[in-house]
Amino acid sequence: FLKRHKIGATYYRGKDETQKREIVGPWFILSFTKDFYLMTEAFYQDKYNLDSEIRSKGYVNTNRLSYQVVKGVIPFVAAEASQTDWTSDASKRQSYGAGLQFFPRPHLELMATYQRDRYYIDDGYFSDLYWLMLNYYL
């Protein structure tokens, strides 16, 4: 099982001048074949605002289904859902999209993504997000 799949967990605890935050949750990489895989993670967040003394608890879930067409060229579809404060629909968001990850040579990554986000504040509205990312790994 662990030769083709990966399982892990994330834990973060941090504080700054305005807030304390704790994040915990599992992540998985499920390989259906050598080139076709699903990356998914789910996090629980507990955030405490030091100024207002308000605590908010919620979740974030991300999923990305990818297929490596040829070495270094990986198109994907993605879906995200979150509600960072369970007491407020204003913090609820869903997102769907697609993108392309490209590794033209070792240590260099280029990724382009389109996302359609739905926010649930004010009876819900949609927004489009396009982004381009370039990474150079040392």
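Is D46 buried or exposed? D46 is buried, with a relative accessible area of 14%. Keep that residue in mind while we walk through the rest of this predicted model, and we'll come back to its partner.

Start with the overall layout. The protein has zero helices and eight strands, so if you read the elements from the N terminus, you get β-β-β-β-β-β-β-β. The C-alpha trace spans about 50 × 35 × 30 Å along its principal axes. Of the 138 residues, 25% count as buried. As for contacts between residues at least 6 apart in sequence, 37% of them join residues at least 24 apart.Now for the middle of the chain. Strand 4 and strand 5 run antiparallel, joined by eight bridges. One place to see the pairing is N63, whose bridge partner in strand 5 is A79. The two strands form a hairpin with five residues between them, and G72, in the turn, has a positive phi of about 90°. Move on to the next pairing and you find strand 5 and strand 6, again in the antiparallel sense, over 11 bridges. Here E80 has S95 as its bridge partner in strand 6.

E80 is worth a second look, since its side chain is busy too. It forms a salt bridge with R93, with the closest N and O atoms 2.7 Å apart. R93 lies in strand 6 and E80 in strand 5, so the bridge ties together parts that are 13 residues apart in sequence. R93 counts as buried at 18% relative accessibility, while E80 counts as partly exposed at 22%.

What about the other charged pairs? The count of salt bridges comes to five. D128 and R116 make one of them, at 3.0 Å from N to O. D128 sits in strand 8 and R116 in strand 7 (residues 108-119), so this pair ties together parts 12 residues apart in sequence. Both ends are partly exposed: D128 has a relative accessible area of 40%, and R116 comes in at 34%. Salt bridges that share partners also join E80, R93 and D117 into one network.

And D46, from the opening? Its salt-bridge partner is R55, with the closest N and O atoms 2.9 Å apart. D46 is buried, whereas R55 counts as partly exposed at 45% relative accessibility.

Set D46 beside another acidic residue, D85, which is found in the loop between strand 5 (73-83) and strand 6 (92-105). D85 is buried yet has no salt bridge. The nearest side chain of opposite charge belongs to K47, and it is 8.7 Å away. Which residues does D85 contact, then, once its neighbours within four places in sequence are left aside? They are S56, K57, G58 and S91.

On to the rings. The structure holds five aromatic pairs. F36 and Y67 form one that is edge-to-face, with 6.2 Å centre to centre and 65° between the planes. This pair links distant parts of the chain: F36 is in strand 3 (residues 36-49) and Y67 in strand 4 (residues 54-67), 31 residues apart. Both rings belong to partly exposed residues, with F36 at 31% and Y67 at 40% relative accessibility. A stacked pair is made by Y119 and Y125, at 5.2 Å centre to centre and 20° between the planes. Y119 is partly exposed, with a relative accessible area of 23%, and Y125 is partly exposed as well, at 40%. Back at the F36 end, F32 joins F36 and Y67 in one aromatic cluster.

Y125 also makes a handy landmark. It lies in strand 8 (residues 125-136). Leaving aside neighbours within four places in sequence, Y125 is in contact with D117, R118 and Y119. D117 is a member of the salt-bridge network with E80 and R93. The C-alpha atoms of Y125 and R93 are separated by 9.9 Å, with the two residues 32 apart along the chain.

Finally, have a look at where charges meet rings. R64 lies over the face of F76, at 4.5 Å from the ring centre. The charged end of K92 sits over the ring of Y120, 5.1 Å from its centre.

How values were computed. Residues numbered from 1 in each chain as written. Predicted model: local features only at pLDDT ≥ 70, side-chain atom pairs only at ≥ 80, totals over all residues. Heavy atoms only, no water. Phe/Tyr/Trp six-rings, centres within 6.5 Å; stacked < 30°, edge-to-face > 60°. Helix = DSSP H or I, 4+ residues; strand = E, 2+ residues; numbered from the N terminus. Buried < 20%, exposed > 50% of the residue type's maximum accessible area, 1.4 Å probe, protein only. Lys NZ or Arg CZ within 6 Å of the ring centre and 35° of its normal. Contact = heavy atoms within 4.5 Å. Lys, Arg positive; Asp, Glu negative; His and termini not counted. Salt bridge = Lys/Arg side-chain N within 4 Å of Asp/Glu carboxyl O. Pairing = 2+ DSSP bridges.
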